[in-house]
Amino acid sequence: MAELSGKTAIVTGAARGIGAAIAKTLAARGANVAVCDLNADWCAETVQAAEAAGAKAKAYGVNVAASAEVDACVKAVLADFGRIDIMVNNAGITKDGLLMRMSDEDWDAVLNVNLKGTFLFTRAVARPMMKNKNADGSPAGGAIVNIASVVGIMGNAGQANYTASKGGVIALTKTTSKELGSRNIRCNAVAPGFIQSKMTDVLPDEVKTRYMDHIPLKRFGTQDDIAKAVAFLAGPDAEYITGQVVSVNGGMI
Ligand code: NAI
């Protein structure tokens, strides 16, 4: 039996990029997947790929930074799938600029999506996860995996808002693990390094070369590298792991 069979996973920001890879990997390992992004129509390809892997999958349009939308989304997923076992908080944005010139709007936008969005979905899934029971009545709980970033650990010039949001995600991960651990709800973070994606394709070549100088494995990461770490943390092989940050960065730090 596939390791995640019978489980339902919510993945945010899953229309493309790392989120899409995570949704597909969880589906391939047996989970049913609620594919969430700003616009449900953008999720068609991810839903199709998850279904092709044998999963039940459905798209949901939700702004992770909007409290009422998040609550409505979780309610809809429960109505459609009956349970929530895995929550992957992946949706994220950047609005880079030097601190001295950063606008309030750019600060708020990034903190709202990356950090508040992670908080809102975590709060919304906590109660349904607490209700999950094993056959013997013991708490089955759930697994929350938050996508942080290497720069949330080390800082990065030009990304005051983004690095603060990801550092916040790491702290939120640790607090969530402490508050929900007794209900067998685990919470861990994956901190990707430099991953090939639309977010990093736009960086100038000299920046990419500078990063490569600091990567012992001498390649940028792939979306699958992240998806595999998420699937591990979401699954039974990680049942005694919580409150941790797993760096997937080719040795960058
Ligand atoms: P991406 O830009 O390709 O995909 C992000 C997805 O999130 C998009 O589909 C977008 O529509 C969705 N999204 C944005 N705002 C949203 C909102 N308010 N509500 C719902 N969905 C929203 O980005 P990528 O590269 O796949 O990144 C995914 C995650 O990985 C992000 O949290 C990012 O910070 C993190 N990350 C990425 C790295 C990289 O090198 N690409 C490195 C470290 C972390």
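This tour proceeds from the ligand to its surroundings and then to one residue of a helix. The model shown is predicted.

**The ligand and its pocket**

Please select the ligand first. The largest pocket is where the ligand sits. Next, display the shell of 27 residues around the ligand; those that come nearest are Arg 16, Asp 37, Asn 90, Tyr 162 and Ser 197. Colouring the shell by residue class shows 15 nonpolar, nine polar and three charged residues.

**Polar contacts with the backbone**

Then select Ile 18, where a polar backbone atom lies 2.8 Å from an oxygen atom of the ligand. At Asn 90, the distance from a polar backbone atom to an oxygen atom of the ligand is 2.7 Å. Ile 195 also has a polar backbone atom beside the ligand, 2.9 Å from one of the ligand's oxygen atoms. On its own the ligand has 830 Å² of accessible area, and the protein covers 93% of this.

**The helices around the ligand**

Select three helices next: α1 (17-28), α6 (160-180) and α7 (198-201). Each of these supplies at least two residues of the shell around the ligand.

**A residue within α6**

Remain on helix α6 and select Asn 161, which has its place there. Is Asn 161 buried or exposed? Its relative accessible area is 0%, under the 20% cut-off, and therefore Asn 161 counts as buried. Finally, add Asp 106 to the selection: its backbone oxygen is 3.1 Å from a polar atom of the Asn 161 side chain.

Terms used: Residues are numbered from 1 along each chain as its sequence is written. This is a predicted model: local features need pLDDT of at least 70, side-chain atom pairs count only at pLDDT 80 or more; totals for chains, interfaces and linings use all residues. Side-chain values use heavy atoms; hydrogens and water are left out. A residue is near a molecule or strand if one of its heavy atoms lies within 4 Å of it. A polar contact is a pair of N or O atoms within 3.5 Å; within protein, one must be able to donate a hydrogen and the other to accept it, and residues adjacent in sequence count only if both atoms are side-chain atoms. Accessible areas come from the Shrake-Rupley method with a 1.4 Å probe; for residues, only the protein chains shown count as cover. On a 1 Å grid over the protein atoms alone, a cavity is a set of points where a 1.4 Å probe fits but cannot get out, and a pocket is an open set with protein on both sides within 12 Å along at least five of seven lines; lining residues have an atom within 4 Å of a point. A molecule sits in a cavity or pocket if more than half of its atoms lie within 2 Å of its grid points. Helices (H or I, at least four residues) and strands (E, at least two) are DSSP runs, numbered from the N terminus. Ala, Val, Leu, Ile, Met, Phe, Trp, Tyr, Cys and Pro count as nonpolar, Asp, Glu, Lys and Arg as charged, and the others, Gly among them, as polar. Buried means under 20% relative accessible area, exposed over 50%, partly exposed in between (1.4 Å probe, protein chains only).
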